[in-house]
Amino acid sequence: MNILLLGKGGQVGWELQRSLSVLGQVTALDFDSQAHCGDFANPEGVRDTVRQLRPQVIVNAAAHTAVDKAESEPEFARLLNATTPGLVAEEAARLGAWLVHYSTDYVFDGSGTRPWVETDTPAPLSVYGATKLEGEQRIQQSGCQHLILRTSWVYAARGGNFAKTMLRLGQERERLTVIDDQWGAPTGADLLADVTAHAIRHLQHRPQDGGLYHCVAAGETTWHSYAKFVLEHASKAQQAIKIIAKEVAPVPTSAFPTPATRPHNSRLATAKLQTTFGLQLPHWQTGVARMLAEIL
Ligand code: NDP
């Protein structure tokens, strides 16, 4: 199988380099790759890359993921999250190639407490959410064979993430304040990459199972409970790092004003994905504990 991976250096892209490697020949590109253009700010360049490489499967992990920054550069966010993915999808349709793409819980407005299902109506609150939704729609309208995985709260051992920020603050301060009114599931980039590889295999035999799916780790939490889990785990690990934080105080979202509005309810229902692909999504604590074991 001839696979083109775009956005190879991001959290998910890095893990995809590993998980896709057993499926076939992978050409992995980033925005500054030399041999072929992988820069989503250059839509025609990326389109030419697809035309030259003629992949059977395209996996797009590139995106404008700076949620707050997107509020002040909406056109650039739209280019990276909607326009270029749309063009890639049109090329995939011409080639008869599969396109795998990632989207977000931020397409929803976060109302209620029920986990969102794939058929719920999106209503994004931010530029990031709106541009990611447009990306989904352009892919769906292109007519290409596609798999879109909406996920949430992605972390990885490599690069910066919320857990690492909490570990740093936990060593610097005796008291932390963390938001306790946003609900979701921290989801490992490694889990997303593994699910992607399994799904690609599955779709070779059952192309009718393509479409839009929610893909997050099992269980639910708030940023506050997530922070407590990380710090308690680190304290017990008794490694070189010394946690001095004695209190993690819960605060509402309004305590940390940000340019982009974030949804309160980011719970995503995953029954469709688990049933269709015969997969079981592990609890978020399993993946976070594993990541902590790697970085502590
Ligand atoms: P990252 O920000 O880690 O990765 C995004 C990648 O896109 C980075 O390698 C980034 O490069 C790259 N990129 C930035 N600008 C360009 C460009 N002009 N051309 C090509 N590539 C570019 O994000 P994740 O791996 O976490 O996200 C993967 C997918 O999951 C995305 O579609 C995202 O929207 C989605 N998602 C992520 C969530 C999260 O919490 N992170 C939550 C829900 C969905 P560089 O790092 O050099 O800027």
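**Exercise 1. Arg54 and Trp153**

Task: Decide whether Arg54 is buried or exposed in this predicted model.

Solution:
- Start with the place. Arg54 sits in the loop between helix 2 and strand 3 (57-60).
- Take the accessibility. The relative value for Arg54 is 55%.
- Apply the cut-off: exposed means over 50%. Arg54 therefore counts as exposed.
- Check the backbone. Phi of Arg54 is near 45°, a positive value in a residue other than glycine.

Task: Do the same for Trp153: is this residue buried or exposed?

Solution:
- Trp153 lies in the loop between strand 5 (145-151) and strand 6 (154-155).
- Its phi is near 45°, again positive in a residue that is not glycine.
- The relative accessibility of Trp153 is 9%. Buried means under 20%, so Trp153 counts as buried.

**Exercise 2. Two buried loop residues**

Task: Find where Phe40 is placed, and list what Phe40 touches beyond four places in sequence.

Solution:
- Phe40 belongs to the loop between strand 2 (25-29) and helix 2 (43-53).
- Its relative accessible area is 4%, so Phe40 is buried.
- Leave out residues up to four places away in sequence. Phe40 then touches Leu6, Val46, Asn60, Ala62, Leu79, Leu80, Thr84 and Pro85.
- Now add a distance. Phe40 and Thr83 are 43 residues apart along the chain, and their C-alpha atoms are separated by 8.8 Å.

Task: Work out which residues Asp209 contacts, again leaving aside neighbours within four places in sequence.

Solution:
- Locate the residue. Asp209 is in the loop between helix 7 and strand 10 (211-214).
- Its relative accessibility is 10%, so Asp209 counts as buried.
- The contacts are His202, Leu203, Thr276 and Phe277.
- For a distance, use Ala199. This residue is 10 positions from Asp209 along the chain, with 9.2 Å between the C-alpha atoms.

**Exercise 3. The nonpolar cores**

Task: State how many residues the largest nonpolar core has, and which have the most contacts inside it.

Solution:
- The largest core holds 54 residues.
- Val59, Tyr226 and Val288 have the most contacts within this core.
- Helix 7 (residues 189-205) gives the largest share of this core, nine residues.
- A second, separate core has 18 residues, among them Leu4, Leu29, Val46 and Ile139.
- For context, nonpolar side chains tend to be buried together in soluble globular proteins.

Task: List the contacts of Tyr226, leaving aside neighbours within four places in sequence.

Solution:
- The aromatic names include Trp153, Tyr155, Phe162 and Trp284.
- The remaining contacts are Ala163, Pro186, Thr221 and Val288.
- Link this to Exercise 1. Trp153, a contact of Tyr226, is the buried residue with 9% relative accessibility.

**Exercise 4. The whole chain**

Task: Compare the radius of gyration of the protein chain with that of a compact globule.

Solution:
- The chain has 296 residues, so a compact globule would have a radius of gyration near 19 Å.
- The chain has 19 Å, which agrees.
- Along its principal axes the C-alpha trace spans about 60 × 40 × 35 Å.

Task: Summarise the fold elements, the contacts and the surface.

Solution:
- Secondary structure comes to 10 helices and 12 strands.
- Buried residues make up 49% of the chain.
- Take the contacts with a separation of 6 or more. Residues 24 or more positions apart account for 79% of them.
- The accessible surface is about 13,200 Å², and 49% of it belongs to carbon and sulfur atoms.
- For charges, count 27 positive and 29 negative side chains. The centres of the two sets lie 4 Å apart.

Methods: Residues numbered from 1 in each chain as written. Predicted model: local features only at pLDDT ≥ 70, side-chain atom pairs only at ≥ 80, totals over all residues. Heavy atoms only, no water. Helix = DSSP H or I, 4+ residues; strand = E, 2+ residues; numbered from the N terminus. Rg over C-alpha atoms; globule rule 2.2 N^0.38 Å. Buried < 20%, exposed > 50% of the residue type's maximum accessible area, 1.4 Å probe, protein only. Contact = heavy atoms within 4.5 Å. Areas by Shrake-Rupley, 256 points an atom, 1.4 Å probe, with all protein chains shown as cover. Lys, Arg positive; Asp, Glu negative; His and termini not counted. Charge placed at Lys NZ, Arg CZ, Asp CG, Glu CD. Core = buried A, V, L, I, M, F, W, Y, C linked by side-chain atoms within 4.5 Å.
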